[in-house]
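Colleague: Could you take me closely through one part of this model, namely the contacts that charged and aromatic side chains make? I would like a connected account rather than a list.

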Amino acid sequence: MEQRRLILIIALGFVLILLWQAWLEDHQSPAERGNGGQTTEQASDGEERQADDLPTAGGPSTGGDVPSAEDGSDGDSSASADRIRVETDVLSLEIDPKGGVLRQADLLDYPVELDRPDDPVRLLQDSSGFTYIAQSGLIGAKNAPAPDHHAAFEVEEPEYRLAEGESVLEVPMTWEKDGIRVTKTYLFKRGSYAVDLRYTVENTTDAEWRGQQYRQLTRSGSTPGMQLMYTYTGGVYAGTPPGGGDRLNYEKIEFDEMGKINLQKDLQDGWAAIIQHYFMSAWVPANPEEVNQYYTLKSKKDGFTVYSLGLMSPVAAVAPQSSETFESILYVGPKIQSNLEPLATGLHLAVDFGILTVISEPIFWLLDLFHDWVGNWGWAIVMVTLVIKLLFLWPSAVSYRSMARMRAVTPKMQALKERFGDDKQRLSQEMMKLYQKEKINPLGGCLPILIQIPVFIALYWVLVESVELRQAPWILWIEDLTQKDPYFILPLLMGASMFLQQKLNPAPVDPMQKKIFQWLPVIFTVFFAFFPAGLVLYWFVNNLLSIVQQAIITRRVEKQMAVQKGSS
């Protein structure tokens with residue numbers, strides 16, 4: 001039993017090492033620091049058009065009659081005007097009139113650090129060394145004129161700002177060629193990270209215009225480095241096969257993979273996104289019933305490789321002397337599940353809880369419920385810990401009763417070891433007889449550890465992935481539950497509680513195991529010193545509740561055994 005318990009403790013320690021490495025790696029990622037609101041250089045306005053960053057025209061339900069865009073933009077190589085600056089109550093953006101590309105997006109409500117409240121997280125940016133932008137455009141059928149993301153648009157104003165009392169801000173830009181006039185309009189809403197994009201195509205000619213729209217997210221690849229676990233940064237797309245029922249296909253696609261495969265998949269009711277720690281961007285078709293072709297591209301920009309994940313709509317027609325509007329939704333912001341779920345089916349899955357999603361989602365649901373009640377994420381963690389403890393009250397009680405009996409017969413076990421220490425087989429047989437006589441389950445003491453491991457990992461991913469808890473305070477010195485305790489008070493309290501709990505457990509008979517268990521509180525305290533304070537808070541509160549429960553059960557068992565011994 002002691003060997004099994006030691007193995008479980010070692011397994012938990014290994015899990016702690018993995019999570020510790022993941023936490024340190026995640027908070028030392030150069031790629032993420034590059035997105036963290038640093039001041040960056042503007043991209044070159046004289047960027048040349050590159051054919052490899054445009055999708056191949058065709059897409060779903062086209063019949064193959066649309067060639068790749070060859071003359072879809074006029075004057076692409078000319079220098080574009082200064083970027084359009086847009087500011088709402090939650091977003092500060094820069095849009096390039098060349099293609100209407102969204103090249104910079106700052107999230108005003110999310111500072112990079114608590115001590116830098118005026119320095120917001122920069123999710124989208126375009127510098128000489130890093131690119132993360134949102135592109136979109138139209139491709140005309142059979143060389144019909146259409147503006148792609150290299151076309152030069154005319155703009156009315158250099159700056160737009162959502163004024164007090166306004167709920168919607170429109171940013172229009174126009175392009176015209178050979179009787180085709182296209183107005184590309186971004187619509188920003190108060191308090192929203194979802195941006196509506198509209199292409200209005202006016203056909204003033206006597207011939208039908210045919211074409212299709214595409215939307216893509218383009219980003220520099222990132223290499224997380226040598227790590228065993230990390231928060232996923234890369235592409236994700238989802239949707240249902242045409243006529244395939246309600247089964248949602250959800251796929252991750254890493255940047256390197258985008259360059260190796262030629263993704264061409266038709267899906268409806270879908271979306272395409274690039275996700276990272278806490279934040280994401282996503283293109284969502286306005287019409288979920290429309291079948292779009294999802295694709296990937298690999299191209300060069302300023303000498304380095306960039307990757308694109310996008311979707312292309314079916315070919316649409318605009319009759320002579322008429323107009324049509326094509327709509328999409330661009331989400332640029334935090335991974336808040338309540339924001340994502342209404343936009344598209346399964347978009348909330350971009351909050352990546354990993355393989356233990358089935359446990360993490362209920363934990364987050366409870367956390368959110370308690371937070372709505374008490375208004376503090378730290379106390380919400382305390383209340384969730386109490387609920388988890390109540391759920392496993394019975395198996396924990398079984399375990400603690402077994403450990404209490406084990407503790408009571410420790411002198412007998414020590415005597416058996418002294419008597420049969422040189423005969424391992426005989427010692428094992430005598431120990432099993434003692435367990436049976438005293439009604440002890442040798443595996444009972446392992447249950448608390450077995451229960452805690454998956455819950456612990458699931459809560460770790462909730463803290464890592466839930467932007468709602470980012471920079472959320474608890475009390476006094478704990479100003480951010482997702483960061484380590486700056487003064488290591490919680491880890492020290494957790495270590496003390498673990499030491500106290502150990503005193504309630506039966507001491508190992510083997511001297512080597514006894515020394516190992518004596519050092520475990522110290523070792524765990526070191527690990528937990530670098531974990532997020534919210535995770536340490538959970539473990540500390542869980543230990544306190546376990547100590548109370550175990551102390552009560554141990555006293556009852558000792559009294560029962562004393563009565564039984566007296567009656568015999």
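**Charged and aromatic side chains**

Modeller: K252 lies over the face of Y232, at 4.8 Å from the ring centre, and in this predicted model a similar description applies to R219, which is placed over the face of Y132 at 5.3 Å from the ring centre.

Turning from charge over ring to ring against ring, a search of the whole structure gives 12 aromatic pairs. In the pair of F255 and Y307, the ring centres are 6.1 Å apart and the planes stand at 35 degrees, so the pair counts as tilted, given that this class takes what falls between under 30 degrees for stacked and over 60 for edge-to-face. This pair links distant parts of the chain, since F255 belongs to helix α3 (residues 255–260) and Y307 to strand β17 (residues 304–312), 52 residues apart; both F255 and Y307 are buried. Elsewhere, F524, F528, F531 and W539 make up one aromatic cluster.

Among the charged side chains, K335 deserves a careful reading. K335 sits in the loop between β19 (322–334) and α4 (337–340), and because its relative accessible area is 0%, K335 is buried. A polar atom of the K335 side chain lies 2.8 Å from the backbone oxygen of Q276, while the side chains of K335 and E465 are joined by a polar contact of 2.7 Å.

Side chains of opposite charge can pair when their charged atoms come close. With a cut-off of 4 Å between nitrogen and carboxyl oxygen, the count comes to 13 salt bridges. One of them joins R103 and D96 at 2.9 Å, N to O, and both of these residues are buried. In the salt bridge of R161 with E159, the closest N and O atoms are 3.3 Å apart; here R161 is partly exposed, with a relative accessible area of 49%, and E159, at 46%, is also partly exposed. R181 forms a salt bridge with E202, where the closest N and O atoms are 3.8 Å apart, and this pair links distant parts of the chain, with R181 in strand β9 (residues 180–189) and E202 in strand β10 (residues 194–203), 21 residues apart. R181 is partly exposed at 32% relative accessible area, and E202 is partly exposed at 30%. Finally, R83, R85 and E94 are joined into one network by salt bridges that share partners.

How values were computed. Residues numbered from 1 in each chain as written. Predicted model: local features only at pLDDT ≥ 70, side-chain atom pairs only at ≥ 80, totals over all residues. Heavy atoms only, no water. Phe/Tyr/Trp six-rings, centres within 6.5 Å; stacked < 30°, edge-to-face > 60°. Helix = DSSP H or I, 4+ residues; strand = E, 2+ residues; numbered from the N terminus. Buried < 20%, exposed > 50% of the residue type's maximum accessible area, 1.4 Å probe, protein only. Lys NZ or Arg CZ within 6 Å of the ring centre and 35° of its normal. Polar contact = N/O pair within 3.5 Å; in protein donor to acceptor, adjacent residues only side chain to side chain. Salt bridge = Lys/Arg side-chain N within 4 Å of Asp/Glu carboxyl O.
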